[in-house]
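Here are a few notes to help you find your way around. Have the view open while you read.

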Amino acid sequence: MKSHVRVAVIGGGVVGVSVLYHLTKLGWTDVALIERSELTSGSTWHAAGGMHAINGDTNMTALQAYTVKLYDELEKESGQACGIHRVGFLYLAASETCMDYFRMERSRARHLKLDLEFVSMTEVKKLNPLIDTSKFIGALYDPNDGHVDPSSVTNAYAKAAKARGAEIHLRNRVTELKQTAKGGWLVVTKNGTIEADYVVNAGGLWAREVGRMAGVELPIVPMEHQYIVTNDIPAVAALEREVAMCIDFDGESYLRQEGKGLLIGTYEHGCKHWAVGGTPQDFAHELLPNDVDRIWSALEVAMERYPCLADGGIKRIINGGMVFAPDGNPIIGPVRGLSNYFLACGVMAGFSQGGGVGLAVAQWITEGEPGMDVFAMDVARFGAHANTAYVLEKTMENYRRRFTITCPNEELPAARPLKTTPAYGAFQNAGAAFGALYGWEYPLWFAGEGKEANEAPTFRRSEAFARIGEESKAVREAVGLFESSCYAKFDVTGPGATAFLDRLSSNKLPQADGKTALAPLLTPKGQIFGDLTVTRLAADHYLMIGSPTAIVYYQRWFDRHRGADDVTIRDVTTDWTGFSLTGPKARDVLAELVSEDIAYKAFPFLSARRMTVGLADAIVIRVSFTGELGYEIYTGPEHQLHVLERLRATGKAHGLKLCGMRALNALRLEKGYGSWGREFSVDYTPAEAGLGRFVRLDKGNFIGRDAAQRILAESPKRRLAIFAVGDGDVDPMGNEPLLAGGEVVGRLTSGAYMFHVKHSGGLGYIRSDLANEASKLEIEILGERRPARILKDAPYDPEGKRLRM
């Protein structure tokens, strides 16, 4: 064992060896993997080995598609067979809701160039004669999916990595991690100590233990998962070829052929956590006690779907531990507060996701950036609210719903309400439907005072549609009130505050007290890292506001780039509750509650001032995300109810209406305003996103300046545009493909019905040569192609006069 390596990967499951493989593929060959037992120990060895690309998150689908395609290359490179069975994957639907989900996924798959197609029940019967097709109403089919042999894949990754110089040390448990003065790590093992510049926690079932060695409590927990393998079945033995794998979403089971029998698994509702307090150190290639009663009801449904199952009997039951995060996605990336400590864990679908996870983590280490938008997997998506109790409730919900279709308008109930503001009760009384972001409850729409917000899950327009339209109308014609408390808020102070923020932001900072500026953050490669507003409260004192889900994401970035600046950065999200008061009558409402002059010339757009609103001290910022005259009002939590009551009482005469985030989304799209995580992410450059005017190359040095200078000098291959969509009863939501002459030329990033301009539309990226009004385009929404056209300007107030009035 070497005394020093660049990277030490801890854990020899499929994810750990994938990270090792990709590090060597990217040229970092002085790396080592340390495994407590044998390769595949833990969860990998007993996995069913299914591989498929489809996922409800588009970025996750791209990552899974990469993994599925990688296996052929891996076989050739390593010389190790991976046991690849590309028998195809059938996704079966027994309900219209499931069919709508399939239509959505098929449409989105076009943009990713996946071979996902609808097939008839006749074709289903040919692909898998064991299915009783009378139980289903539709099916999707991907010919490239199937299953692999878990042990063979793991060893193929390992063999290819070792051929490039990587070391693998088996039967060598890591017992301690010590941070060095240089920022690296001493990895103390049973067989000695190795110094590493970077550590990757790919510990799988033991990832929590490896995290605790570094003082980190990870938001993951193992769940018991069972599948059965049948005895030989005559109908299977008589087949001339292996049948396609299946997922029956409504029956909540998956099935594939295993020799002359079948393998079938389910994500049962009566699920169980395992080893909540910690995974036993002597556990390796063991299984857990069988509990077939827990899955029997699902097996009974499966026997109706696949009648020959009743002829097989049970050959063996596999009950093993699988690690889950609260949302079911992997946990990857650098851990805030630790130098050079990366995660690659919580990957419950290792043979669909392991390749992509390995690539992203390896690129993050070697290049400083993951190379793609991986926020859906980034450990920074969780904050302190994701404690053990939260993790237990959410993982139970996620496991139970593994094959349950979640509609776009559906909000899941587990671990809620968790974080609420003082206004929560008042909003409940006003009939609010709530969503949850980063643990916070926030209003989506309002049914009205004393009414209950009932909304059936759907991919189409819901009962809330008319109410959202009324809220949008109030903002455009009178005044609306939104809650903005959950937005990330950072207080930045100190002699080095200005220099620090100037280095972070591509735009110029506010040059005077009481001024606000938009502040895009770029990566060193010139991609869009973040999107914040910066308000200068005083010399060397700034308030930064950003996306609710990005608190740790931004904090980690601040820590990385703080350098020697004498600056203090505090998360003050919970110190300030907020409202957005917006609409043509917003000034009339606020003027009755403050003594200051807030006329246009006295308090213009992008200004900020400390005021007393009613009886409460507040910071008021003259900004709006609706395109109307607007104010963001921030007060201490102890004053929020008072401010809300005064605003509602005063606003009643001006037609004030409480509004939710669904209306805000429609309103911002009418103005063509992009949003972080949708239009703005590390997948895009400021040139593509139309943010060039906020990249001030004349201001001096900032992160990403050199790359941005090159990017802005070139013509982008794609551009962000605003689209109008032809009439229909279904509205775009985002990730729908844009087509020209039947060819995919871009995709929507956000979509909605835009009530004021009376048509559907959205924002999206399209090939630059087609980014003009003359282009004849279509958009595919739930399988239906509708005409679409690019708008030269925002359809509402393109000159921005109302915003600045």
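In which sense do strand 28 and strand 29 pair, and over how many bridges?

1. Strand 28 and strand 29 (residues 616-621) run antiparallel to each other, and 6 bridges join them. If you want a spot to look at, find Met611, which sits opposite Ala618 of strand 29. Bear in mind that this is a predicted model.

2. Now zoom out to the sheet. It is an open one with 6 strands, ordered 28-29-30-27-21-31, and the pairing is mixed. Strand 28 (608-613) and strand 31 (656-658) are the edge strands; each has a single partner strand, so one side of each has no neighbour in the sheet. From one strand to the next, the twist averages 25°. As background, strands in a sheet pair through backbone hydrogen bonds, in a parallel or antiparallel way.

3. Next, look for helix 16 (residues 640-651). It lies across strand 21 (479-483), strand 27 (577-582), strand 28, strand 29, strand 30 (630-635) and strand 31. Relative to strand 27, helix 16 runs at about 15°.

4. Elsewhere in the chain numbering, check helix 13 (residues 497-504) and helix 14 (residues 551-561), which pack at an angle of about 110° with their axes 11 Å apart. That angle is why helix 13 and helix 14 count as roughly perpendicular to each other. Their crossing is right-handed. Helix 13 brings Phe500, Arg503 and Leu504 to the contact, while helix 14 brings Trp557, Phe558 and His561. Sorted by class, that contact has 4 nonpolar, 1 polar and 1 charged residues.

Terms used:
Residues are numbered from 1 along each chain as its sequence is written. This is a predicted model: local features need pLDDT of at least 70, side-chain atom pairs count only at pLDDT 80 or more; totals for chains, interfaces and linings use all residues. Side-chain values use heavy atoms; hydrogens and water are left out. Axes are lines fitted to C-alpha atoms, for helices over the stretch in contact, and angles run from 0 to 180 degrees between N-to-C directions. Helices (H or I, at least four residues) and strands (E, at least two) are DSSP runs, numbered from the N terminus. Angles under 35 degrees count as roughly parallel, over 145 as roughly antiparallel, 65 to 115 as roughly perpendicular and the rest as oblique. A crossing is left-handed if the near helix is turned anticlockwise from the far one by less than a right angle, and right-handed if clockwise. Contact means heavy atoms within 4.5 Å. Ala, Val, Leu, Ile, Met, Phe, Trp, Tyr, Cys and Pro count as nonpolar, Asp, Glu, Lys and Arg as charged, and the others, Gly among them, as polar. Two strands pair if DSSP finds at least two bridges between them.
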